[in-house]
Amino acid sequence: MLPELEALLQLQRYDLKLMEAQRKRDEIPRRREALKAALDQAKAAHERAKKDLEHVRHERRAQEKEIEVVQSEGTKLERQLLDVKTNKEYQAMLHEIAALKSKRSDRETVVLEHFEKEEAIVAQAKQAEQRIAEEERKLKAGEAELEREGAALDQAIHSIKVDRDQVRPGIPAPLLARYDRLSGTRDAVAVAEVRKGACGACFKSLTPHAAQEMRRLDAVHQCEACGRILIWTEGSAA
Ligand SMILES: [Zn+2]
């Protein structure tokens with residue numbers, strides 16, 4: 001294979017490596033944001049639980065106050081019962097006392113339900129607190145790790161660029177211009193090797209004549225289907 005074609009293939013390897021490193025580098029801020037978002041979510045869940053708890057406690061206290069009112073009404077009636085003169089009045093008052101008792105019992109049930117709700121919410125809040133601690137730990141560790149990864153990628157990107165820039169001068173200008181134009185529009189794959197008598201990128205078969213010519217002349221062809229620069233390499237005959 002001509003050295004310029006070898007250089008062209010090498011250039012593409014570097015450019016693909018560079019693209020991959022750049023893609024990973026660009027992901028780092030998004031990954032950091034995801035870690036922060038998870039922490040924010042945990043904090044929001046904790047805030048929600050605290051508010052819910054406040055609400056349920058407030059409702060429960062209102063019910064307890066109601067019970068106190070009902071209870072004192074009942075006590076008052078029970079005292080008055082002693083002074084009642086007629087049987088009819090007596091029966092009516094007993095009836096009233098029974099109604100108050102039932103009202104009180106209903107409220108007590110509601111209070112118990114509220115206590116149960118409170119317990120569940122307290123557990124939720126505790127869980128949320130644990131999650132906050134966990135997410136804070138993850139964020140801290142993750143940020144350090146992302147910092148390291150970012151620095152390593154910056155280093156890799158720099159070194160690939162140096163290698164790439166060393167290869168470029170070894171490629172004739174017209175071929176390089178074609179490569180640059182194609183790599184911008186073909187997913188960065190501008191050069192394809194012939195594989196099994198076809199374009200290694202889009203798999204369009206070459207005519208036997210074209211294949212033979214490429215092999216004999218070590219020439220650069222253009223894939224008639226995808227337009228990529230087609231070259232014949234050692235593996236092409238397989
Ligand atoms: Zn092709």
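Student: How far apart are the end C-alpha atoms of residues 118–152?

Tutor: This is a predicted model, in which local features need pLDDT of at least 70, side-chain atom pairs count only at pLDDT 80 or more, and totals for chains, interfaces and linings use all residues. Residues are numbered from 1 along each chain as its sequence is written, and side-chain values use heavy atoms, without hydrogens and water. The span 118–152 is 100% helix and 0% strand, helices being DSSP runs (H or I) of at least four residues and strands runs (E) of at least two, numbered from the N terminus. Its end C-alpha atoms are separated by 50 Å.

Student: Which other residues does the UniProt "coiled-coil region" annotation cover besides 118–152?

Tutor: The annotation comes from an unreviewed UniProt entry; such annotations use the numbering adopted here, have shortened names and may be inferred rather than shown by experiment. The other span is 100% helix, with its end C-alpha atoms 73 Å apart. It comprises residues 32–80.

Student: Where is confidence highest in the protein chain?

Tutor: The predictor's confidence in each residue is the pLDDT, from 0 to 100. The chain averages 93, and 100% of the residues score at least 70. H4 has the lowest mean, 82. The highest mean, 96, belongs to helix H2 (residues 87–167).

Student: What arrangement do the four donor atoms form around the zinc ion?

Tutor: Donors are N, O and S atoms within 2.8 Å of the metal (3.2 Å for Na, K and Ca); water is not among the atoms, so sites may look incomplete. Here they are the SG atoms of Cys-199, Cys-202, Cys-223 and Cys-226, at 2.2 to 2.4 Å from the zinc ion. Four donors count as tetrahedral if all angles lie between 85 and 135 degrees. Because the angles are 102 to 114°, the arrangement is tetrahedral.

Student: What spacing do the donors of the zinc ion follow along the chain?

Tutor: The zinc donors show a regular notation along the chain, C-x2-C-x20-C-x2-C. Within it, Cys-202 lies in the loop between strand S2 (198–199) and helix H4 (208–217), and Cys-223, 21 residues apart from it, in the loop between strand S3 (221–222) and strand S4 (229–231). The spacing is thus written C-x2-C-x20-C-x2-C.

Student: Is Cys-223 buried or exposed?

Tutor: Buried means under 20% relative accessible area, exposed over 50%, and partly exposed in between (1.4 Å probe, protein chains only). Cys-202, at 28%, is therefore partly exposed. With a relative accessible area of 4%, Cys-223 is buried.

Note on methods: Tetrahedral: all angles 85-135°; square planar, octahedral: opposite > 155°, others 65-115°.
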